[in-house]
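Please work through the following exercises with the sequence and the structure in view. Each task is followed by a solution that goes step by step.

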Amino acid sequence: MKNILVIHTGGTISMEADTDNETVDIGDTNPMTMVTKDLNNLARLTVREPFQKPSPHITVHDMIELKLLIESECQSKKVDGVVITHGTDTMEETAFFLDLTLETDVPVVMTGAMRSSNETGSDGLYNFIAAIRTAVNEESKGKGLLVVFNDEIHTAKEVTKIHTTNAAGFQSIVSGPVGMITNKSITFHYGCLPQKKIKVKEITKRVALVKAYTGMDSSILEALKDLKYDGVVIEALGQGNLPPSAVRGIETLLTNQIPVVLVSRCLKGIIQDTYNYPGGGKQLKELGVIFCRGLSGQKARLKLLSALTQTDDILVLNDKYFS
Ligand code: ASP
């Protein structure tokens, strides 16, 4: 029987609805710890609860705490896999950060719930069991951090929360899920390329995330320079374009050595320097904007935060971490 380290961090999976089903909050005991002894037929479970937070309260420092906890537990005892329960709102961010920085070979699987423990049709225990089954599965090795939700398996790089309330709350919009779960089996549809790791010990810098819109001017970007942000990620328009009125702000950031990373606000596709008009991708690239392919804004922000622990040279950031 395999040894699985279970880490509960909070979220709806650990919460309870009030008697009228109107509001949801943290209760006195985590319902997931109460079921642990019933799951010993799946694996030998060791449970850690470093904190119990709604996931909008999670910071990058909590993510580092989780990374260090997993690494030290994996070094000090025999751990064959890790299951993390987490709130769904920011699950994809913690998943992505751990995928990028965690130094361990064992499968790490995250899950959560859209319905709290005492709601009708609660999906918490179901998803938790599916995550443990995935963590003990031999084929889960070498695929990077996996997110298990509603009978699907997703990679940390691709997965995103797509629904506010539905139990099918997660999707890998571009690639589709990497695998599926039934009551009898776990099937992977394809292999995955692991992310290039970044060695991160602590995060001290600040990176802002801004979404582009019609008529966007330079004021927000210039304010970010005045507020001494260390980097800016912009969810640009289409293939990687901005309104011409925002270009002065980009120039201000870059002349102050503040890296600007561009992703697209489109749900699918990659960005590239195609358009040659003012504010078009070609002009932005020539100015020194870093084009980041295939990540959402929130994940590109975590990647830039991680990369900034290694260098703040814009050319090195571009060539080594975003090309
Ligand atoms: N707001 C909750 C959280 O992210 C939602 C959830 O867990 O599903 O903590």
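**Exercise 1. The crossing of H5 and H6**

Task: Determine the handedness of the crossing of H5 and H6, and describe how the two axes are arranged.

Solution. The model is a predicted one.

Step 1. The crossing of H5 and H6 is left-handed.

Step 2. Which residues make the contact? On the side of H5 they are Leu 221, Glu 222 and Lys 225, and on the side of H6 they are Arg 248, Gly 249, Ile 250, Thr 252 and Leu 253.

Step 3. Sorted by class, the residues of this contact are three nonpolar, two polar and three charged.

Step 4. Helix H5 covers residues 219-226 and helix H6 covers residues 247-255; their axes come within 7 Å and cross at roughly 15 degrees.

Step 5. Angles under 35 degrees count as roughly parallel. H5 and H6 are therefore roughly parallel to each other.

**Exercise 2. The surroundings of H6**

Task: State which residues of H6 are buried and what covers them.

Solution.

Step 1. The buried residues of H6 are Val 247, Gly 249, Ile 250, Thr 252, Leu 253 and Leu 254.

Step 2. The cover over these buried residues includes H5, strand E14 (231-236), E15, H7 and helix H9 (314-321).

Step 3. One residue of H7 may be examined in detail. Leu 287 lies in helix H7, and apart from neighbours within four places in sequence it is in contact with Val 247, Ile 250, Glu 251 and Leu 254.

Step 4. Is Leu 287 buried or partly exposed? Its relative accessible area is 31%. Buried means under 20% and exposed means over 50%, with partly exposed in between. Leu 287 is therefore partly exposed.

Step 5. Just after H6, Gln 257 has a positive phi of about 60 degrees.

**Exercise 3. The packing of H2 against H3**

Task: Describe the packing of H2 and H3 by angle and distance, and then list the residues that meet.

Solution.

Step 1. Two packed helices are described by the angle between their axes and the distance between those axes.

Step 2. Helix H2 (residues 60-76) packs with H3 at an angle of about 50 degrees, and the axes are 10 Å apart. H2 is therefore oblique to H3.

Step 3. The crossing in which H2 passes H3 is right-handed.

Step 4. From H2, the residues Val 60, Met 63, Ile 64, Leu 66, Lys 67, Ile 70 and Glu 71 meet Glu 93, Thr 94, Phe 97, Leu 98 and Thr 101 of H3.

Step 5. The class count for the contact of H2 with H3 is seven nonpolar, two polar and three charged residues.

**Exercise 4. The annotated active site**

Task: Identify the positions that UniProt lists for "active site", and describe where each one is found.

Solution.

Step 1. An unreviewed UniProt entry lists Thr 12 and Thr 88 under "active site".

Step 2. These positions are spread over 77 residues of sequence, yet they cluster in space, with a largest C-alpha distance of 7.5 Å.

Step 3. Thr 12 is found in the loop between strand E1 (3-8) and strand E2 (15-17). Not counting residues up to four places away in sequence, Thr 12 touches Gly 87, Ala 113, Met 114, Arg 115, Ser 116 and Ser 117.

Step 4. Thr 88 is found in the loop between strand E5 (81-85) and helix H3 (91-101). With residues up to four places away left out, Thr 88 touches Ser 55, Gly 112, Ala 113, Met 114, Phe 149, Lys 161 and Phe 170.

Step 5. The relative accessible area of Thr 88 is 5%, so Thr 88 is buried.

**Exercise 5. Pro 278 and the annotated domains**

Task: Characterise the position of Pro 278, and state the spans of the domains that UniProt places on the chain.

Solution.

Step 1. Pro 278 is found in the loop between strand E15 (260-264) and helix H7 (281-287).

Step 2. Pro 278 has a relative accessible area of 56%, so this residue is exposed.

Step 3. Apart from neighbours within four places in sequence, Pro 278 is in contact with Leu 242, Pro 244 and Gln 283.

Step 4. Pro 278 and Ile 7 are 271 residues apart along the chain, and their C-alpha atoms are separated by 49 Å.

Step 5. From its unreviewed entry, UniProt gives "domain: L-asparaginase N-terminal" at residues 3-190. This span is 24% helix and 24% strand, and its end C-alpha atoms lie 26 Å apart.

Step 6. The feature "domain: Asparaginase/glutaminase C-terminal", also from an unreviewed UniProt entry, is placed at residues 206-314. That span is 33% helix and 17% strand, with its end C-alpha atoms 15 Å apart.

Conventions:
Residues are numbered from 1 along each chain as its sequence is written. This is a predicted model: local features need pLDDT of at least 70, side-chain atom pairs count only at pLDDT 80 or more; totals for chains, interfaces and linings use all residues. Side-chain values use heavy atoms; hydrogens and water are left out. Axes are lines fitted to C-alpha atoms, for helices over the stretch in contact, and angles run from 0 to 180 degrees between N-to-C directions. Helices (H or I, at least four residues) and strands (E, at least two) are DSSP runs, numbered from the N terminus. Angles under 35 degrees count as roughly parallel, over 145 as roughly antiparallel, 65 to 115 as roughly perpendicular and the rest as oblique. A crossing is left-handed if the near helix is turned anticlockwise from the far one by less than a right angle, and right-handed if clockwise. Contact means heavy atoms within 4.5 Å. Ala, Val, Leu, Ile, Met, Phe, Trp, Tyr, Cys and Pro count as nonpolar, Asp, Glu, Lys and Arg as charged, and the others, Gly among them, as polar. UniProt positions are given in the numbering used here, feature names are shortened, and annotations may be inferred rather than shown by experiment. Buried means under 20% relative accessible area, exposed over 50%, partly exposed in between (1.4 Å probe, protein chains only).
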